[in-house]
There are 2 protein chains.
Amino acid sequence: MILTVTLNAALDITYQVPAMIGGTTHRVSEVAERAGGKGLNVARLLHALGEPVVATGLAGGTTGARIRSLLAAEGVPDSFVPVAAESRRTVTVADEEEATGFWEPGPLVTAAEWRAFVTRYTGLMKVAEVAVLAGSLPPGVPEDAYATLLGLARAAGVCTVLDADGPALRHGLAARPDLVKPNARELSHLQSHVLGRRVAVGSLAGAHDAVEAMRGLGAKDVVATLAGAGLIAFTRAGTWRAYLPSARKGNPTGAGDACVVALVSNRRRPWPERLVDAVALAAATVAQPVAGTVELLDWRRLRHAVRIEAW
Amino acid sequence: MILTVTLNAALDITYQVPAMIGGTTHRVSEVAERAGGKGLNVARLLHALGEPVVATGLAGGTTGARIRSLLAAEGVPDSFVPVAAESRRTVTVADEEEATGFWEPGPLVTAAEWRAFVTRYTGLMKVAEVAVLAGSLPPGVPEDAYATLLGLARAAGVCTVLDADGPALRHGLAARPDLVKPNARELSHLQSHVLGRRVAVGSLAGAHDAVEAMRGLGAKDVVATLAGAGLIAFTRAGTWRAYLPSARKGNPTGAGDACVVALVSNRRRPWPERLVDAVALAAATVAQPVAGTVELLDWRRLRHAVRIEAW
């Protein structure tokens with residue numbers, strides 16, 4: 001079983017409007033809701049692919065209840081731990097030109113709630129094969145939360161994947177996760193923190209340096225997603241770059257989560273196959289109008305278009 | 001007891017952001033939530049003034065549950081009838097310059113749910129002294145819903161106040177409500193429908209004609225709020241205009257609801273006193289930073305500034 005951890009679960013709300021004009025009132029023509037947060041995006045897609053998955057994390061209030069009922073409607077087994085405060089919402093307003101986002105802060109989690117989560121997670125470690133720790137930490141959860149959870153996974157012999165940013169990522173790296181999946185922005189944040197100055201990782205060479213720094217900090221394998229430039233992988237078995245020769249237009253939200261899904265789902269296959277599949281699944285996600293969905297035939301077809309090179 | 005009816009109750013969410021920029025993602029610094037919809041705004045303010053009030057209407061799903069828990073936290077007694085679909089949210093994004101609104105459509109109400117509401121309302125008519133019917137109708141509720149409810153109130157000897165727009169208002173007028181409280185936009189909609197063309201009611205004379213038309217359609221008394229121009233009242237006891245000599249800056253949301261509150265709360269006093277109080281309470285509401293709240297000392301002070309003239 002694959003366990004996904006979403007400590008700052010969200011209710012993702014998308015509004016369609018004909019044209020967004022600041023300072024006016026809009027009647028929303030269409031409302032879409034889904035359970036969100038990186039870990040839940042990963043859980044939903046793994047479940048859609050037929051992988052046995054359990055989603056845990058923290059959820060609170062009526063928004064938390066809505067998140068859990070949406071998961072239940074999709075058939076994703078949930079083992080969320082309740083918190084007293086309201087889980088956050090994200091609101092995305094989409095018109096024909098662009099998307100504008102509003103992200104609420106997360107719920108304030110108490111020390112007792114965090115301890116209750118650690119107890120639940122420790123129990124789940126007895127039945128999990130892989131633990132995917134993904135997304136931001138809500139207020140009140142300690143900065144080294146992922147380090148704690150990674151340590152518990154290692155003690156239980158559970159394979160770990162970390163997809164985080166900022167201090168949560170830095171603390172996590174020190175706990176030696178098996179696989180880390182940064183994107184260009186996260187690489188840049190980390191690199192600038194380590195070097196004490198802002199750096200650009202837009203170039204492949206820049207990204208290369210940042211990924212090497214990440215391994216120096218403790219990551220065993222690193223797969224970095226670089227949007228149009230595909231991904232680069234620095235693993236204990238070798239180093240690769242995989243990409244599509246022509247970039248695809250669409251909604252990039254969820255492409256990184258799709259990459260994690262492909263890497264976890266194919267975890268017993270050789271690295272080059274895993275990487276090709278990850279690029280294809282991310283690209284198939286980008287092509288879909290609704291963030292985080294995938295058309296499976298598109299995925300299959302795209303696999304043949306992905307190029308992979310030793311690096 | 002005053003009964004307020006809110007058939008399309010809302011969860012009003014306000015986001016504070018430093019500056020709203022289309023096409024970007026914003027971290028919301030502050031989230032405020034309140035139970036909304038015209039009828040609930042009226043109920044909350046009546047309750048704050050110490051009037052015995054019960055709020056009824058339709059509420060559904062986790063959003064409906066949140067609306068009811070916010071009402072409970074403020075101590076407003078609720079007798080809402082549940083519906084299966086999710087109640088609507090409104091999202092207002094406020095930065096230092098302006099406010100941008102997003103209004104979801106209401107829940108689809110089934111015929112059985114509407115019948116259940118009518119049954120509940122009929123029961124409440126035995127204990128109510130005044131029924132305030134205010135706001136939009138959700139999908140599935142018949143256009144003549146307010147006419148039905150006004151008929152049941154009259155049969156029970158309950159005094160009625162109608163604050164609506166469009167077809168709901170037109171059908172309602174035919175059922176002869178005791179008091180109707182339109183604003184300039186609602187007067188304009190009604191007038192253009194009756195005349196078959198678009199009309200401006202920006203002038204006092206134009207508003208006068210529209211209010212007379214409204215009485216011709218069935219309204220017994222009409223008090224129209226005209227923003228900066230105060231209000232005009234056409235009643236069975238006489239005709240008045242009441243206004244503040246200098247318009248007040250602020251947030252006009254909720255000023256119309258405050259006017260209804262003052263008229264209902266002072267229902268046993270002479271019309272001129274009711275009207276002065278209504279202008280003062282609406283102005284005190286406009287001066288508050290949070291929509292629909294009121295500073296009572298400000299209200300008291302403003303009463304002395306209101307001018308009233310026979311019309």
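This dialogue goes through the cysteines and the chain interface of a predicted model.

Reader: How should I read the numbering, and what kind of model is this?

Author: Residues are numbered from 1 along each chain as its sequence is written, and chains are lettered from A in the order in which they are written. The model is predicted, with local features needing pLDDT of at least 70 and side-chain atom pairs counting only at pLDDT 80 or more, while totals for chains, interfaces and linings use all residues, and side-chain values use heavy atoms, without hydrogens and water.

Reader: How many disulfides does the structure hold over all chains?

Author: A disulfide is a covalent bond between the sulfur atoms of two cysteines. Here, with a cut-off of 2.5 Å between the sulfur atoms, there are zero over all chains. C159(B) is in no disulfide, and the nearest cysteine sulfur, that of C259(B), is 15 Å away.

Reader: Is C259(B) buried or exposed?

Author: Buried means under 20% relative accessible area, exposed over 50%, and partly exposed in between, using a 1.4 Å probe and protein chains only. C259(B) is buried, at 1% relative accessibility, whereas C159(B) is partly exposed, at 36%.

Reader: What area do chain B and chain A bury between them?

Author: The size of an interface is often given as the accessible area lost when the parts come together. Chain B and chain A bury about 2500 Å² (1.4 Å probe, summed over both), and 58% of this lies on carbon and sulfur atoms. In chain B, R89(B), F102(B) and W103(B) lose the most area to chain A, together 24% of what that side buries.

Reader: How many salt bridges are counted between chain B and chain A?

Author: The count is four, where a salt bridge needs a side-chain nitrogen of Lys or Arg within 4 Å of a carboxyl oxygen of Asp or Glu. R89(A) forms one with E33(B), with the closest N and O atoms 2.5 Å apart.

Methods
Buried area is the accessible area (1.4 Å probe) that two parts lose on being put together, summed over both.
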